[in-house]
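Thanks for coming. I will go through one structure this morning, starting with one charged pair and working outwards. Please have the sequence and the model in front of you.

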Amino acid sequence: MLSEKQIRRRMEIIRPHIKWIRSFSCTEGNELIPKIAKEYGIKTMVGAWLGKDDKVNQQEVKNLIELAKEGYVDIAAVGNEVLYRKDLTEDELLRFIEKVKKEINHIPVGYVDAYYEFDIKPRITEACDVILANCYPYWEGCHCDYSLLYIKDMFAKATRAAKGKKVIISETGWPSQGTNLHAAMPSYENFMKYFINIQTWSKQENIEIHYFSSFDESWKVGAEGDVGAYWGIWDKDEVFKF
């Protein structure tokens, strides 16, 4: 359970460097993130975390709708990689998206998933007001030297699938430590190169990007392997890596 004190502490650290913040859930204290962000004048992409437990899903969506109606949400994200994980069917996800859209018609509603899902799931793309595409050259084994070209191609695929709708890169990043994935090598140098390239590209091309992640998460070494703990711009002790 996240406390207000924990959230405020981290918000104070990242506040001078950001314009937007993205949260992944609307329960267990996460519902405080957009409220505190708004106090600090930060825009919010607020996510309802959807999984296999319908009771939890219903509460997440209910809380997201309430936060939106109270003015704490700039973009509502209904689910994160639900189709990629196969936690819900397309029809189940669509029902949640439609429910949120029906309740909050004054702000954009989208769904977050890997960029290619929007090409192969046109019904989901059609239901979204905004396309929220996760783009990770690292997870596709791309060498860091070619990663900027690679993410440009990912973004182009999502843009084609979007058919004129706005595309936001909802996640991208590079780990600073851990095991190689094919040609993709985690290191402090590659982490920094990637960060600089992405920031420069986003400014030049006016592409909106949520960079993952703010802080290293030392607990996150399960499904992602040893790299899971090392995606932060700040380390686990809240110190800037560079």
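Start at E66, which is partly exposed, with a relative accessible area of 36%. Keep in mind throughout that this is a predicted model. The partner of E66 is K62, also partly exposed, at 45%. Their side chains meet in a salt bridge, 3.1 Å from N to O. Where do E66 and K62 lie? Both are in helix 3, residues 54–69, and they are 4 residues apart, about one turn of the helix. That spacing is worth a comment, because an α-helix has 3.6 residues a turn, so residues three or four places apart point the same way. The other ingredient is charge: side chains of opposite charge can pair when their charged atoms come close.

There is a second pair with this spacing, in helix 9, residues 188–205. K193 and E189 sit 4 residues apart there, separated by about one helical turn. They form a salt bridge, with the closest N and O atoms 3.4 Å apart. K193 is partly exposed at 35%, while E189 is exposed at 53%. Salt bridges can also share partners, and in this way E4, R8 and E39 are joined into one network. How many salt bridges does the structure hold? The count is 19.

One further pair deserves a moment, E117 and K121. Their salt bridge has its closest N and O atoms 3.1 Å apart. Are these two residues buried or exposed? Both are buried. E117 has a relative accessible area of 7%, so it falls under the 20% limit for a buried residue. E117 lies in helix 6, residues 117–120. Setting aside neighbours within four places in sequence, E117 is in contact with L83 and Y84.

Now look at helix 1, residues 4–14. Its buried residues are I7, M11 and I14. They cover an arc of only 70° around the axis, so they are on the same side of helix 1. On the other side of helix 1, K5 and R9 are exposed. What do the buried residues of helix 1 pack against? They pack against strand 1 and helix 2.

Next, the aromatic rings. The structure holds 16 aromatic pairs. One of them is Y136 with W231: the ring centres are 5.3 Å apart and the planes are at 75°, so the pair is edge-to-face. This pair links distant parts of the chain, 95 residues apart. Y136 is in the loop between strand 5 (130–134) and helix 8 (147–162), and W231 is in the segment after strand 7. Both rings belong to buried residues, with Y136 at 10% relative accessible area and W231 at 2%.

Compare that geometry with W234 and F240. Their pair is stacked, 4.6 Å centre to centre, with 10° between the planes. W234 is buried at 5%, whereas F240 is partly exposed at 38%.

Which residues do ring pairs link into a cluster? They are F24, Y136, Y138, W139, W174, Y194, F212 and W231. So you have already met Y136 and W231, which are among the members of that cluster.

Rings also turn up beneath charges. The charged end of R10 sits over the ring of F215, 4.0 Å from its centre. In the same kind of arrangement, the charged end of K241 sits over the ring of F191, 4.7 Å from its centre.

Last, the backbone. F212, from the ring cluster, is joined to S213 by a cis peptide bond, with omega about 15°. S213 is placed in the segment after strand 7 (209–211).

Two glutamates have a phi to look at. E28 has phi near 55°, a positive value in a residue other than glycine. E28 lies in the loop between strand 1 (20–23) and helix 2 (32–39), and is exposed, with a relative accessible area of 55%. E81 is not a glycine either, and its phi is positive, about 55°. E81 lies in the loop between strand 3 (75–80) and helix 4 (82–85).

That is the end of the tour. If you go back to one place in the model, try helix 1, with I7, M11 and I14 buried and K5 and R9 exposed on the other side.

Definitions and conventions
Residues numbered from 1 in each chain as written. Predicted model: local features only at pLDDT ≥ 70, side-chain atom pairs only at ≥ 80, totals over all residues. Heavy atoms only, no water. Salt bridge = Lys/Arg side-chain N within 4 Å of Asp/Glu carboxyl O. Buried < 20%, exposed > 50% of the residue type's maximum accessible area, 1.4 Å probe, protein only. Contact = heavy atoms within 4.5 Å. Arc of directions from axis to C-beta. Phe/Tyr/Trp six-rings, centres within 6.5 Å; stacked < 30°, edge-to-face > 60°. Lys NZ or Arg CZ within 6 Å of the ring centre and 35° of its normal.
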